[in-house]
Amino acid sequence: MKPYFFSLLFVLSLLLASFVRAGDAIAGQTLPQLRTDSTDLFNEITDISRQIEQRTAKEEQDWQTERDDLSLPGREDSLTAASADSLLIPHRLSYRNRLDSLYRRSERGTLMLPVHSNLAASLNGLTFRDTLFYNPLFLPMIFTGKILPREISFYSPDKEQKEGLLLPREKTFAPALEHADFIQHVRRNYYRRYPDRIRYSVASFDTIPRIENGDAIVRETFNPFRELIRTETTYSLDAPGVEGIKIARKYWVYNGEHSFQFAQNYFSTNWHKGGTNNLNFNSYQVIRANYQKDKVRFNNTLEWRLSLFNAPDDTIRSYRIGNDQIRYYGDFGLTSFVKGWSYSMNMEAKSQLFNNYPSNSTQILSSFLAPLYVNAGVGLKFDLNKNSEKVRHRNLKWTLNLAPISINYKYVGNDEVNVKRYGIPEDRKSLLDIGSTITSILKYNFTRYVSWDSRLTYFTSYEKVVSEFENSLNMALSNAFSTRIYVNLRFDDGVPADPDLKYWQVNQTLSFGLNYKW
């Protein structure tokens with residue numbers, strides 16, 4: 001029991017010493033009664049801000065007393081100028097940090113709290129949360145750059161209007177602001193007094209931790225409408241994550257047109273492939289594949305026309321073939337420095353697939369590769385694509401190929417076909433002419449359902465001329481039905497002349513039926 005008795009005496013002596021010091025500091029006041037509540041005792045010991053404020057007020061009072069003594073008569077001559085300056089400006093020459101009067105600091109500038117007392121009985125009633133307190137004064141000293149005080153003003157204090165305050169000062173944020181200013185003042189003095197102990201600055205950190213805004217917490221916690229607008233099933237309003245993909249550039253473009261139509265057909269008597277005027281079944285198939293990348297262009301067109309018609313006056317066969325033509329046209333070009341023009345090389349090859357006979361005869365007029373026409377040249381190409389500004393779907397596309405150097409080749413691969421009919425000498429099966437070629441391809445859309453296709457080919461070897469002028473008027477009744485008028489004029493002065501039409505040849509077709517484009 002004796003050790004506990006001496007411990008109790010030691011505690012009572014400490015309390016008595018603290019009360020004596022408080023009585024000396026506060027003159028004219030009575031000695032406060034002994035506080036038996038351990039929580040109040042702990043708050044009094046740990047309230048660092050209050051202790052610093054009390055000591056600061058005492059030092060300022062002592063300094064004011066010394067200053068009043070200097071103002072008495074006969075005291076001015078007893079002090080030198082240096083001593084007077086030191087008394088009048090104590091914060092500049094004899095300033096001592098308030099925190100250093102209570103606790104020591106480590107080399108990093110942090111406060112070193114005292115070792116807790118072994119008197120566990122004095123901490124009765126405290127929990128673990130009560131032992132944790134937050135005060136900016138105990139944070140590590142990091143230079144923030146805030147040197148100027150918050151209350152600095154560039155206006156005269158006489159002009160400041162302080163009238164019209166409806167709330168007392170203690171009911172506003174003024175006490176909290178003063179406490180914050182006091183903490184900032186202590187840190188600012190520490191910056192000036194011990195600049196060598198400041199190891200870090202806010203400029204040394206990439207990011208500074210931020211405390212969440214108090215307004216957001218209040219709105220989220222104390223919102224009375226949260227329960228009213230809450231639903232049983234929550235749905236996210238965030239946009240779903242979509243994985244982006246890169247669309248590759250498409251250099252090849254494909255399209256085509258297919259039609260199956262009934263037609264009325266007319267052939268001149270000297271048509272180079274023969275034919276009979278009658279009703280027929282007409283098929284037209286075309287596929288296009290166009291390539292374009294940077295300045296390179298490569299266009300390809302494969303076309304096939306076939307006409308079948310009945311032959312009531314033919315005693316050998318019940319049907320005959322009218323127009324049978326398969327044609328390939330391609331051009332390869334490089335865009336030039338002039339808008340719309342390009343350097344091009346084009347080729348056209350055409351023939352037929354089936355044998356063609358005259359009426360009541362077994363003699364073959366034409367067959368596969370009999371004849372075969374090939375035309376190729378090198379030159380310039382001009383492209384024009386213009387849309388109407390007044391009429392919707394009205395469009396004009398025009399392609400002009402000028403080949404000053406070109407060849408025109410004819411070949412008959414069937415020995416039963418008469419080569420003289422195609423302008424080839426009797427003892428030969430082919431003929432090559434060198435000259436120039438002009439090719440014009442025009443497509444004009446009047447409306448969305450009416451269009452006109454025109455193709456003009458002119459070749460000359462400067463001794464003879466071979467030319468074809470094809471025209472097709474398409475009138476679509478719907479997306480599936482259409483009417484087509486096809487007229488083909490041909491001039492060839494390298495073949496024997498006809499008594500009536502001379503070197504002219506005519507092929508005309510009027511058809512109606514199904515039509516499909518893609």
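User: What makes the pair formed by the side chain of Q352 and the backbone oxygen of F354 a polar contact?
Analyst: The side chain of Q352 reaches that oxygen at 2.6 Å. A polar contact is a pair of N or O atoms within 3.5 Å (within protein, one must be able to donate a hydrogen and the other to accept it, and residues adjacent in sequence count only if both atoms are side-chain atoms). The Q352–F354 pair therefore counts. The model is predicted, so local features need pLDDT of at least 70 and side-chain atom pairs count only at pLDDT 80 or more, while totals for chains, interfaces and linings use all residues. Residues are numbered from 1 along each chain as its sequence is written, and side-chain values use heavy atoms, with hydrogens and water left out.

User: Which side chain is joined to that of Q352 by a polar contact?
Analyst: The side chain of S366, at 2.9 Å. Q352 itself is found in the loop between β9 and β10.

User: Why is Q352 called buried or exposed?
Analyst: Q352 has 2% relative accessibility, so it counts as buried. Buried means under 20% relative accessible area, exposed over 50%, partly exposed in between (1.4 Å probe, protein chains only).

User: What is I438 called, and why?
Analyst: I438 has 39% relative accessibility and therefore counts as partly exposed. I438 lies in strand β12, residues 430-445; strands are DSSP runs (E, at least two residues; helices are H or I, at least four), numbered from the N terminus.

User: How do you know how confident the predictor is?
Analyst: From pLDDT, the predictor's confidence in each residue, from 0 to 100. The protein averages 77, and 65% of the residues score at least 70. Over residues 25-36 the pLDDT is below 50, as over residues 74-95.

Definitions and conventions: Contact means heavy atoms within 4.5 Å.
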